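Please open the model in your viewer and keep the selection tool at hand, as this tour moves from one selection to the next.

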Amino acid sequence: MEGFLISKTVFTSCELGVFDVLLGAERPLSAEEISQAVGASLDGTQRLLAACTGLQLLNTHQDYGRVFYSNTEQASVYLTRSSPLSLLQSIQYSSRTIYLCWHYLTDAVRSGRNQYEKAFGVSSKDLFEALYRSDEEMVKFMQLMNSIWNICGKDVVTAFDLSPFKVICDLGGCSGALAKQCTSAYPECTITIFDLPKVVRMSREHFVSEADQRISFHQGDFFKDPLPEADLYILARILHDWTDERCIELLSRVYKACKPGGAVLLVEALLHEDGSGPLTVQLYSLNMLVQTEGRERTAAQYAALLAAAGFTNIQHRLTGKIYDAVLGHKETGKDRRPKP
C-alpha cells in the first residue's frame, strides 16, 4: 500500500507544479505561498509538503518559528518541467494512462489481454491506434519516450561501438531523442526515423528541428511498408510490444532490407535468464500485459528471435541501467534465414 501512496504523492505534486513553483521562486517558500501559487487548499498543501519532505524531495528551513520549503537537488533535476533530465512527462503519463490500465490488472491476468478497451473505451485490436487515440495522448507518449532517452539513451547507443555503421534507421523512432543521442555519439552517421505518418508530423512539430541536419524522416508502417536500406537498424523498446510471431515477422523484414555486413540493435530491459529479476523488468512485463500484446524477455529469448530472422553473431551488453542492448549481424553476401 505504501508504494501506491508514494507514487500518487509524487504524481499529485508534479501535476500541481509544486517543484516548478519552488524552482522559479529561487528562494524557500512557505506553505501559504505554495498553496496560493498552485491553487490548492492550505491544509491539503501542508500535508502534501510534509509527505514530500519525508520522501526527501523537499528541504525544510526554519525562520522565526515559520517553516519554508525548497527543492532537493533530486527534485530540481528530475521533477521540474525545465530540466533537461526531467521525468515530469513520464510521471504524468504513468499517472494518467498507465495507472488507469493497471486498475484492470486482475482482468488482464485472467484474460491474458491488454485492457485499453476497459480503461479508455477504445478498441485494442490495433495497438497503436489505441496508444495514439488522440493527438494529446500521442504527444504525452512521445514526451515519455523523450524523457527516457534523454537519461538512458547515451548508455544504450554506446554499449557497442556503432561507429562502423554510417547509415542508421531508427524504427519506431518516435520523438527522435535516441536519434539525437546517436548523432552526438557518432558524428559521421546519419539517421532516418521511420514511424507512422502522424507520429512523424508530431515529431517535426514538437521535437526535431531543422538544426538536426543529420536526422531525417520516413513515414510508414514497419509491418506493411518497405523499409529504407541501412547499415544498422535500431529497434528501441519495440519488440517488447509484440508476440514472438510478430517479432520474427518484423525482424525478417529488417533482415531483408539490411545491407550485407549490417546489423540490428535491440534496446530492451532484459530479464535474468532464469526469470528471477530484476524486479523492475518483471513489473514492466506485467505492464506489457495490461498495455500491449508483448512481454519483457531474456537476452537468450531475443537472440532466438534474431536467429529465427537470419541474424548471426548475436551479443548482448548490460548497461547497469534500466535498458540494455542486443546486437545481431547480417553476414556479408549470405542469407542465413531459415528456409520455409
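**A buried cysteine and its surroundings**

Begin by selecting Cys189, which is buried, with a relative accessible area of 1%; here buried means under 20% relative accessible area, exposed over 50% and partly exposed in between, for a 1.4 Å probe and protein chains only. This is a predicted model, in which local features need pLDDT of at least 70 and side-chain atom pairs count only at pLDDT 80 or more, while totals for chains, interfaces and linings use all residues. Residues are numbered from 1 along each chain as its sequence is written, and side-chain values use heavy atoms, with hydrogens and water left out.

Now add Cys182, which counts as buried because its relative accessibility is 0%. The sulfur of Cys182 is the nearest cysteine sulfur to that of Cys189, 5.8 Å away, and Cys189 is in no disulfide, a term that stands for a pair of cysteine sulfur atoms within 2.5 Å. The structure as a whole holds 0 disulfides.

Next, select helix α13 (residues 244–257) together with helix α15 (residues 299–309), whose axes come within 8 Å and cross at roughly 50 degrees. Helices are DSSP runs (H or I, at least four residues) numbered from the N terminus, and axes are lines fitted to C-alpha atoms over the stretch in contact, with angles from 0 to 180 degrees between N-to-C directions. Show the side chains where the two helices are in contact (heavy atoms within 4.5 Å): among them are Ile248 and Leu251 of α13 and Leu305 and Ala309 of α15.

Finally, zoom out and colour domain 1 (2–82) and domain 2 (152–330), whose bounds come from an automatic or database domain assignment. The centres of domain 1 and domain 2, taken over C-alpha atoms, are separated by 38 Å.
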